Amino acid sequence: MKLVILERDGIVGQPVLGQLAGHADWQTMPDAAISIARLNLSGWHVVLVANQPGLGRGLYDCAALNDYHRQMYKELATVGAKVDAVFFCPHPPDDHCDCLDAQATLLRQILDRFNMEAGKVAVIARSPGLLQAAASLGARLHWVSVPAGPDAEAAACPSDQAQQHASMLQCTEHLLQALASRPPQA
């Protein structure tokens with residue numbers, strides 16, 4: 001099985017800061033839907049991870065988050081893209097949880113659910129924290145320098161272990177070419 005974990009905010013969808021109203025807030029990032037569809041067609045399972053501190057702060061509820069994700073699934077489906085699961089951290093920063101920081105609890109849950117070893121999983125992110133968490137588990141790191149709203153990360157790759165890509169489409173091409181160039185296994 002081939003598994004890729006994508007950071008939802010900034011890689012697949014535009015980040016939403018503060019209040020989440022639901023489906024009206026979802027905006028797909030350029031090339032994200034096509035990239036996911038291409039990965040799906042090549043046999044990849046796609047999982048998204050996200051921080052949702054607004055849940056813990058009471059800024060919105062699970063119904064708004066589910067509505068937001070329904071719109072995401074709907075838009076992705078228009079080009080044949082499919083996401084197998086979305087894992088999220090509902091804690092506000094002052095809870096000091098271990099979901100998506102270097103403790104990597106959410107990433108471990110994904111690996112367990114899909115019965116995968118970290119070294120066989122690609123993680124595509126733009127945030128240093130997610131790359132650090134993925135690196136601590138030994139995953140294959142891919143950093144996409146996507147400018148994504150007011151909280152966009154700096155233009156320099158935050159990890160020397162990560163493959164750098166200028167776009168999600170470029171990263172997808174890299175993954176598909178790397179897979180195609182591997183010798184067949186006996």
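Helix axes at under 35 degrees count as roughly parallel, over 145 as roughly antiparallel, 65 to 115 as roughly perpendicular, and the rest as oblique. This is a predicted model. Two helix pairs and one cavity are covered below. The pair α5 and α6 packs at about 50°. These two helices are therefore oblique to each other. The pair α2 and α7 packs at about 10°.

**Helices α5 and α6**
- The axes of α5 and α6 lie 9 Å apart.
- An angle of about 50° falls outside the parallel, antiparallel and perpendicular ranges, so the pair is classed as oblique.
- The crossing of α5 past α6 is right-handed.
- On the α5 side, the contact uses L107, R108 and L111.
- On the α6 side, L130, A133, A134 and L137 take part.
- This contact has six nonpolar residues, one charged residue and no polar ones.

**Helices α2 and α7**
- Helix α2 covers residues 32-41, and helix α7 covers residues 168-180.
- Their axes are 9 Å apart, at an angle of about 10°.
- That angle makes α2 roughly parallel to α7.
- The crossing of α2 past α7 is left-handed.
- From α2, the residues in contact are A32, I34, S35, R38 and L39.
- Their partners in α7 are M168, L169, T172, E173, L175 and L176.
- By class, the contact of α2 with α7 has seven nonpolar, two polar and two charged residues.

**The cavity**
- The model has one cavity of 30 Å³ or more.
- The largest cavity has a volume of about 40 Å³.
- Its lining consists of I5, L107, L111, A118, V121, V123, A134, L137 and A139.
- Three elements each supply at least two lining residues: α5 (105-113), β4 (121-125) and α6 (128-137).
- The lining has nine nonpolar residues, with no polar and no charged ones.

**Where the topics meet**
- L107 and L111 of α5 touch α6, and both also line the largest cavity.
- A134 and L137 of α6 meet α5, and they too are in the cavity lining.
- R108 takes part in the contact of α5 with α6.

Notes. Residues are numbered from 1 along each chain as its sequence is written. This is a predicted model: local features need pLDDT of at least 70, side-chain atom pairs count only at pLDDT 80 or more; totals for chains, interfaces and linings use all residues. Side-chain values use heavy atoms; hydrogens and water are left out. On a 1 Å grid over the protein atoms alone, a cavity is a set of points where a 1.4 Å probe fits but cannot get out, and a pocket is an open set with protein on both sides within 12 Å along at least five of seven lines; lining residues have an atom within 4 Å of a point. Grid points are joined across faces, edges and corners, and a volume is the space filled by probe spheres set on the points. Helices (H or I, at least four residues) and strands (E, at least two) are DSSP runs, numbered from the N terminus. Ala, Val, Leu, Ile, Met, Phe, Trp, Tyr, Cys and Pro count as nonpolar, Asp, Glu, Lys and Arg as charged, and the others, Gly among them, as polar. Axes are lines fitted to C-alpha atoms, for helices over the stretch in contact, and angles run from 0 to 180 degrees between N-to-C directions. A crossing is left-handed if the near helix is turned anticlockwise from the far one by less than a right angle, and right-handed if clockwise. Contact means heavy atoms within 4.5 Å.
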